[in-house]
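This report describes selected features of a single protein chain. The sequence and the structure are shown first.

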Amino acid sequence: MNHNHRVLAALATGASAALALAASSSWPGPCRRAWPIRLSITGGREMQVRLRVYAVLAVCLAVLTAASCGSSSGPASTAANTAPASPSSGSTSASHPLRGIIALGNSRLTGENSDPQRPGEAALQNSWATGTNPAVDSIYQRLAAVDPTMRGHAVNAAGVGAPTGSLVGQAITALGVVPNPRLVIIDIIGTDIRCDGSDSSNYPVFGLQVKAAIDFIARLAPHATILLMSRPGRPLPDSKAIIGTPGAAAPISQAQSGSDICSPFDPDLRLDMKHITTLTGIIEGYEPEQAKVCATVPECHTDNGRATHFQVPASHYSSDWEHLNVTGLAALAAFMWPTVAKILNSH
C-alpha cells in the first residue's frame, strides 16, 4: 500500500488514525508543517478535535489526491484535564527522563468491577499493569521495585469498551502526563470483535488503527518500549472454568454470549464446540495483524502469545463473570512479568 492510499484509509477509519499519520515523519512536508494541530482533552474522557483539524486534514487529503503535496468510549485516565506537550518537535518527549509506564486499551487494563465497593466501575488501583494496590503487585510496582525512579510515573488511559480507534486519543492523554515512558502496554483486542461473519474484513482496519497508535507513540517517545498484548486466555478453557456457575447462566460479554456464531454455551448451558472454535478463530485473526504492524516499529514487541496461555479459574472472576477480581489481576501481573522483564532487560 503506497503512502497516499495509507492516508486515505486512515481518514476513512477515523480521525485518530489520521492524526497519527499527520504526526509521522512519512507525511509529506507541506502537510506536516500544518502540525501541531490543536487538541482539547475534556475530563480525561474524550478528545474533541477542533474544526481546524478537519480543515487541515481535508486540505492535505485533497492535495495528496492530486499528487501535489510531496508527490469512543472515553479513557478512564488518571490524568484528567491534562494536555500533552506539543508534538511538533521530535525531541519534546525525548528531552524528558526515560521513565514510567502507560497503559492503553480496554477494560482488561482498568481493574473493572474489581472493587466490591464500586461495582461496575473501573478500579485503577487494581490494574494488573499500572495499579498501586499491594495485593495486585502490578507491573508498575514490580518495575518500581527494580528502578525506584519509576515511582509516581504511571498513567492508565484505557477505557471500558474502548475500540482500537481510540488508541491514539488515549496515547495523547497518557503522553501528556508521562511524556517519555519506559514501557507502553497495549491490550485492545475485544470491542472490535464483531462475531457477525464480517471479522475477516475488519482485520486490516484493526491493523491500521493499531499501527497508527504505535507510530504515534514512536514519533513522540522514540525510546519507549511498546508491548502489544495477545488477548488473555482462550474461549475453551475460559468457558470450561465457568460452566456450572452463574457465569455460564448469565453471560454478558461478546466473548461469552456474542451472536449465535460465537456463544460458547448452547441453550442448555453445555459447551458449544462449533461456536467456541469460531470465536477462537476470530480472535486469532486479529492477533497476527498486531504482530505484522508491530514488526514495522523497532521498539515494539508482542508477547509472542504468552497471554493466550493465561487460564482463569472461576474463583478469579469478579461478580460480572467477565473481568478479573483482585486475585485474578494479581495472577495476570505475575504471569506477564517475565515477558516484561525480558523485553526491558530487567532483573
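The text below covers the parallel strands, the helix that links two of them, the nonpolar cores and a few individual residues. The model is predicted.

**Parallel strands**

Strand 3 (101-105) and strand 5 (183-187) are paired through five bridges and run parallel. Within this pairing, Ala 103 lies opposite Ile 185 of strand 5. Strand 5 also pairs with strand 6, again in the parallel sense, over four bridges. Here Val 184 has Ile 226 of strand 6 as its bridge partner. The connection between these two strands passes through helix 8, and the resulting β-α-β crossover is right-handed. Strand 6 in turn runs parallel to strand 7 (residues 300-302), to which three bridges join it. Ile 226 stands opposite Cys 300 of strand 7. Ile 226 is thus named in two pairings: it is the bridge partner of Val 184, and it faces Cys 300.

The pairings of these strands are collected in the table.

| Strand pair | Sense | Bridges |
|---|---|---|
| Strand 3 and strand 5 | parallel | five |
| Strand 5 and strand 6 | parallel | four |
| Strand 6 and strand 7 | parallel | three |

**Burial of strands 5 and 6**

Of the five residues of strand 5, five are buried. Leu 183, Ile 185 and Asp 187 point one way from the strand, while Val 184 and Ile 186 point the other way. Strand 6 is likewise covered on both faces. Its buried residues are Thr 225 and Leu 227 on one side, with Ile 226 and Leu 228 on the other.

**Helix 8**

Helix 8 has 22 residues, and at 1.5 Å a residue it should span 32 Å. The C-alpha atoms at its ends are 31 Å apart, which agrees with that expectation. The helix is mostly covered, with 16 of its 22 residues buried.

**Nonpolar cores**

In soluble globular proteins, nonpolar side chains tend to be buried together. In this model the largest nonpolar core contains 39 residues, and the members with the most contacts inside it are Ile 102, Leu 104, Val 184, Ile 186 and Ile 214. At least two residues of this core come from each of strand 3, helix 7 (167-175), strand 5, helix 8 (199-220), strand 6 (225-228) and helix 11. Helix 8 supplies the largest share, nine residues. A second core, separate from this one, has 35 residues, including Ile 101, Val 136, Phe 310 and Leu 324.

What does Val 184 contact beyond its neighbours within four places in sequence? Its partners are Ile 102, Leu 104, Ile 217, Ala 224, Thr 225, Ile 226 and Leu 227. Two of these partners, Ile 102 and Leu 104, are also listed among the residues with the most contacts inside the largest core.

**Asn 156**

Asn 156 belongs to strand 4 (residues 154-156). At 1% relative accessibility, Asn 156 falls under the 20% limit and therefore counts as buried. Its side chain makes a polar contact of 3.3 Å with the side chain of Ser 127, and another, of 3.1 Å, with that of Thr 130. The C-alpha atoms of Asn 156 and Ile 185 are separated by 9.5 Å, with the two positions 29 residues apart along the chain counted as their separation.

**Loop residues**

Two residues other than glycine have positive phi values: Asn 113, near 65°, and Leu 269, about 60°. Asn 113 is placed in the loop between strand 3 and helix 6 (139-146). Its relative accessible area is 9%, so Asn 113 is buried. Leu 269 sits in the loop between helix 10 and helix 11. With 37% relative accessibility, Leu 269 counts as partly exposed.

Asp 266 lies in the loop between helix 10 (246-249) and helix 11 (273-294). Is Asp 266 buried or exposed? Asp 266 has 16% relative accessibility and so counts as buried. The side chain of Asp 266 reaches the backbone nitrogen of Asp 268 at 2.8 Å.

Terms used:
Residues are numbered from 1 along each chain as its sequence is written. This is a predicted model: local features need pLDDT of at least 70, side-chain atom pairs count only at pLDDT 80 or more; totals for chains, interfaces and linings use all residues. Side-chain values use heavy atoms; hydrogens and water are left out. Buried means under 20% relative accessible area, exposed over 50%, partly exposed in between (1.4 Å probe, protein chains only). A polar contact is a pair of N or O atoms within 3.5 Å; within protein, one must be able to donate a hydrogen and the other to accept it, and residues adjacent in sequence count only if both atoms are side-chain atoms. A nonpolar core is a set of buried Ala, Val, Leu, Ile, Met, Phe, Trp, Tyr and Cys residues joined through side-chain atoms within 4.5 Å. Contact means heavy atoms within 4.5 Å. Two strands pair if DSSP finds at least two bridges between them. A crossover is right-handed if, with the strands pointing away from the viewer, the path from the first strand over the helix to the second runs clockwise. The expected span of a helix is 1.5 Å times one less than its number of residues.
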